[in-house]
Amino acid sequence: MTHKVPSLRARLHQAGIAVNENDTQASPPIPWFVRVLQAFSGWLAAIFLLGFIAMVAASVVESTLGSLSLGAMMLLAAFGLFRVTRSDVGEHLALAVSLAGQLLVAWGLVNVWETSAYLWWVLLGLQGVLALVMPSHTHRGFSAFAASVALYMALAMSAMGSVASGVVLLALTALWLNEFRWPTRIPHVQAWGYGLLVGLLVIQGMAHTGGSLLYFDAQATGIWAALTPWLGVALVALAPVDPRSLMQGDYMALNFALSNEIRRALQSRRDDGAPRSRDGYAIVRLDEQRVAQFQRLAEGESTLDHDERRLHYRLRNDQVRLATDAFFFQEGHAERYEPARYGRFRINEDGEPLLVSLHDSELDLLGASVR
Amino acid sequence: MRGGGVIDRLLLWLGGLALTFAVLFFVAYNWAELGRWPRFGLVQAALVLAVGVAVWGNTQRWVARAALTAASLLVGVLLALLGQVYQSGADPWQLFFVWAMLVLPWVLVSRFELLWLAWLALLNTALWLYFRTWGGALDVWFVSSDATFWWLFVLNTTALVVGEWGVRRRRWRVSRWTLRILALSSGVPITLLMMTLIVDATAFYMPALGVYPLWLAALYGGYRYWRPDLLLVAGGCVSLICVVTLGLARRLLWQGDWQSGSLLMLALAVLVMGAGAVVWLKRLNTETPS
């Protein structure tokens, strides 16, 4: 058994893996959250640094070429610093300089292409290169993350956003499956893998919240765009989630004329210190069609005429609600309720209303909420 | 559980959740066709079934837990259904609060951390919505009302303290991640309160001046010496960096005039603090490898 040990050591050495010659304790690996802290504070510092540069060298930053070249110089400086330094402070500084440089380059590119797909493709290329060359694990991970987001934006610009998560997932799986293929590069692969994983989560999050980061109209162009839903499904095999609220179908927001009158009455007598939320009663009179007309706000115990009713209202953030502010119906039944003009309530002895049904302007029944 | 336990468990959970949501979506998509009684009947039958499985079904712990989780979710579905059918217009916070109260017995008997966390999340949501409804005048997202963050802080800190006490004295088996999540949900509100105090120094936030250092000291003492957990110490560092940076920014930028030098100073301060934290955490890491 013993004669094999040197050969194993030799093979490891050949593969470029440092083996402890004696029994010195190797320092434990840096935990991931320390890297996160490093990335976070580097990013924060980069923002201030960029602000400083923008104020000192405003004329340089304003010209496209100036900000591009300044950004490139800062990236080179960061690269050099990463190579030279072995200390944490140096690595930290390099990270901040690099992030500020990236922001400057991105700024210059925005001047050239506005926010078009080209911009994101170029940024994707930049981040890819940085992820490959920058000799820092934090930076590699961050660049992989930024690259995956850039990929998503680039694809979304050509209305192919749903493909992005599939592509990233593919790259991620390929990376983790080959984690140990290149023994010297195991940490690199891990950094890329973590970065892409976070990127994938962000992309999925954006897709599920309806792409809140996208402030443009994605126009569908060409055959690729028509194919994207299929591509996305084939790659990820996840059904699209209905962006409507999780809880059931559609609803119609309700706003009754009576609510507005109650609100006006409240506003007219209210001083600034009045709460924006309260419960109270209004007195309404029923006309011959039994449509409620606002009379006054109820003050204490007052006697009611035979055609008057006490009605409980709730003031919430300056909005008056009678029972509910929404009428719920099954998904796709919206047209049926569009002509709604009246709501029918049941009122109990305490004046608590319950919305029963919606009616059109002729008081014909459209649909009931309680069957 | 045998060797293939992970897959079994995963399938159990996915199956339980899928069944629960199937009930939800079945009712929603057949709203017009189902009358009032079938709607309620369906959800209630599913609820009884889930509880039945938990009580009389298989004696395996995980099956009971999955069944109780499904039952807890179904209570929420039932409450939402109640609100939709009888559009009585209860305030949203009431839904979450009643939901939390109703499922509390099951949460207690299930002895299941994830269900406890979900229950706490329900309470947090109820508190948040309550103050959205009855809260104060400030509508900035981060001060959506004055008292929310105080109450969230109190609630989550209490949960954290109880959890740690249980682990220490009662030998509860609580995973470290549960406690980390609790510590995070206690740290975020107090940090935001402190940052609000810096931006807007009104008397209402003044207690933060005393509470925040105490909280930091407790975090440090607790998770450096008592139960070492470097992740939480790192979280405290992030919180402190945020607060100090905002304080410096307010001094240098708001009150002083905008000078380029002050931006550079801020950048340097953040760099120094970040690098210092990293160096320190690395040293702690070599001292106490977790």
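How many residues lie between strand 2 and strand 3 of chain A in their hairpin, and which residue in the turn has a positive phi? Five residues lie between the two strands, and Arg290(A) in the turn has a positive phi of about 60°. This is a predicted model.

## The sheet of chain A

The hairpin belongs to an open sheet of four strands in chain A. The strand order is 3-2-4-5, with antiparallel pairing. Strand 3 (292-297) and strand 5 (319-321) of chain A stand at the edges. Each has a single partner strand, so one side of each is left without a neighbour in the sheet. On average, neighbouring strands of this sheet are turned by 45° against each other, direction ignored.

Helix 11 (residues 257-268) of chain A packs on the sheet. This helix touches strand 2, strand 3, strand 4 (308-316) and strand 5 of chain A. Its direction makes about 15° with that of strand 3 of chain A.

Strand 2 (residues 278-286) of chain A is joined to strand 3 of chain A by five bridges. Eight bridges join strand 2 of chain A to strand 4 of chain A. Both pairs run antiparallel. Ala282(A) has partners in both neighbouring strands: Leu297(A) in strand 3 of chain A and Leu311(A) in strand 4 of chain A. Val284(A) stands opposite Phe294(A) in strand 3 of chain A.

## Nonpolar cores

The largest nonpolar core has 102 residues. Leu37(A), Trp120(A) and Leu123(A) touch the most other members. Helix 9 (residues 230-255) of chain B gives the largest share of this core, 11 residues. Leaving aside neighbours within four places in sequence, Trp120(A) is in contact with Ala150(A), Met153(A), Ala154(A) and Met157(A). A second, separate core holds 29 residues. Trp13(B), Trp31(B), Leu81(B) and Trp119(B) are among them.

## Helix 1 of chain B

Helix 1 (residues 5-29) of chain B has 25 residues. At 1.5 Å a residue, this helix should span 36 Å. Its end C-alpha atoms are 35 Å apart, which agrees.

Which residues of helix 1 of chain B are buried? They are Gly5(B), Trp13(B), Thr20(B), Val23(B), Leu24(B), Val27(B) and Ala28(B). An α-helix has 3.6 residues a turn, so residues three or four places apart point the same way. The buried residues of helix 1 of chain B pack against helix 2 (36-56) and helix 3 (61-85) of chain B. Trp13(B), one of the buried residues of this helix, is also in the second core.

## Loops and cysteines of chain B

Two arginines of chain B have positive phi values, Arg111(B) and Arg171(B). Arg111(B) counts as exposed, and Arg171(B) is exposed too.

| Residue | Phi | Loop in chain B | Relative accessible area |
|---|---|---|---|
| Arg111(B) | near 50° | between helix 4 (92-110) and helix 5 (113-134) | 69% |
| Arg171(B) | about 55° | between helix 6 (148-170) and helix 7 (176-199) | 74% |

How many disulfides are there over all chains? The count comes to zero. Cys237(B) is in no disulfide, and the nearest cysteine sulfur, that of Cys242(B), is 11 Å away. Cys242(B) is in no disulfide either, with the sulfur of Cys237(B) as its nearest cysteine sulfur. A disulfide needs cysteine sulfur atoms within 2.5 Å. Cys237(B) is buried, with a relative accessible area of 13%.

How values were computed:
Residues are numbered from 1 along each chain as its sequence is written. Chains are lettered from A and ligands numbered from 1 in the order in which they are written. This is a predicted model: local features need pLDDT of at least 70, side-chain atom pairs count only at pLDDT 80 or more; totals for chains, interfaces and linings use all residues. Side-chain values use heavy atoms; hydrogens and water are left out. Two strands pair if DSSP finds at least two bridges between them. Axes are lines fitted to C-alpha atoms, for helices over the stretch in contact, and angles run from 0 to 180 degrees between N-to-C directions. Contact means heavy atoms within 4.5 Å. A nonpolar core is a set of buried Ala, Val, Leu, Ile, Met, Phe, Trp, Tyr and Cys residues joined through side-chain atoms within 4.5 Å. Buried means under 20% relative accessible area, exposed over 50%, partly exposed in between (1.4 Å probe, protein chains only). The expected span of a helix is 1.5 Å times one less than its number of residues.
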